[in-house]
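Reader: Hello! Could you walk me through the terms used for this structure?

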Amino acid sequence: MQCNWKTPPLNWGRIAKSVKELSAQPRKPKDDAQPGNETAIQDGVIRDWLVLGPLPITREMKAEDILPNVETLWPDENDKSGTNAWQAVKLETGCIDLCSIFNVAPDKSGLAAFAYTNIYSPSGQPVAFNIMFQGQGTNRVWLNGALVFASPKNIDIGVGGRLSLPLKKGWNRLLVLNAKTLSIRKSWWINGSLFGDRNP
């Protein structure tokens with residue numbers, strides 16, 4: 001194959017098939033209906049989420065006590081959890097800037113927030129989730145109600161990690177918690193992207 005240097009490629013990369021086939025939407029799917037083309041996330045970046053917060057938390061509280069029934073949680077836009085409602089956010093990148101979304105000062109602490117989305121996998125192949133947190137406290141990730149990541153309590157920086165998400169065929173429920181109990185770093189966000197899982 002010859003290259004045409006008059007029209008060089010401007011985009012290149014390698015994305016796993018298990019990621020290119022995925023879709024994500026914040027709204028609750030009706031009757032397990034398949035997603036529309038507009039929900040495709042072929043680059044592995046989820047830009048459509050539901051967020052809930054800010055919720056009060058102390059350094060002594062357990063993260064699991066902030067929101068009950070996370071194992072069966074399946075929220076939709078405007079659903080209430082206590083006095084707060086789930087709101088839809090559409091991002092330009094993979095970063096969920098919680099300070100901007102909830103209009104809170106970056107040095108404020110004692111706050112917790114959840115981000116949620118529905119991921120559709122036609123094949124049910126596992127994928128890797130590179131997740132990072134900024135906002136010092138406690139972080140959690142649940143997939144289909146099962147805890148797949150848990151940081152210690154009241155940590156300085158939530159470095160996150162590369163998680164394996166054992167997706168099932170069809171719709172999957174992804175829930176992320178960032179609880180900020182310290183105020184060492186003046187920011188509060190969640191950032192994550194999906195990649196092919198090299199260790200299924």
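Author: Let's start with the second largest cavity, whose lining has five nonpolar, two polar and one charged residues. This is a predicted model, where local features need pLDDT of at least 70, side-chain atom pairs count only at pLDDT 80 or more, and totals for linings use all residues. Residues are numbered from 1 along each chain as its sequence is written, and side-chain values use heavy atoms, without hydrogens and water.

Reader: What makes a residue of this lining charged, nonpolar or polar?

Author: Asp, Glu, Lys and Arg count as charged, Ala, Val, Leu, Ile, Met, Phe, Trp, Tyr, Cys and Pro as nonpolar, and the others, Gly among them, as polar. The lining includes Arg173, Asn144 and Leu175, so Arg173 counts as charged, Asn144 as polar and Leu175 as nonpolar.

Reader: Why is asparagine 118 called buried?

Author: Buried means under 20% relative accessible area, exposed over 50%, and partly exposed in between (1.4 Å probe, protein chains only). Asparagine 118 has a relative accessible area of 0%, so it is buried.

Reader: What makes the pairing of the side chains of asparagine 118 and tyrosine 116 a polar contact?

Author: A polar contact is a pair of N or O atoms within 3.5 Å; within protein, one must be able to donate a hydrogen and the other to accept it, and residues adjacent in sequence count only if both atoms are side-chain atoms. These two side chains make theirs at 2.6 Å, so the distance fits the cut-off. Tyr116 is also one of the residues lining the second largest cavity.

Notes: On a 1 Å grid over the protein atoms alone, a cavity is a set of points where a 1.4 Å probe fits but cannot get out, and a pocket is an open set with protein on both sides within 12 Å along at least five of seven lines; lining residues have an atom within 4 Å of a point.
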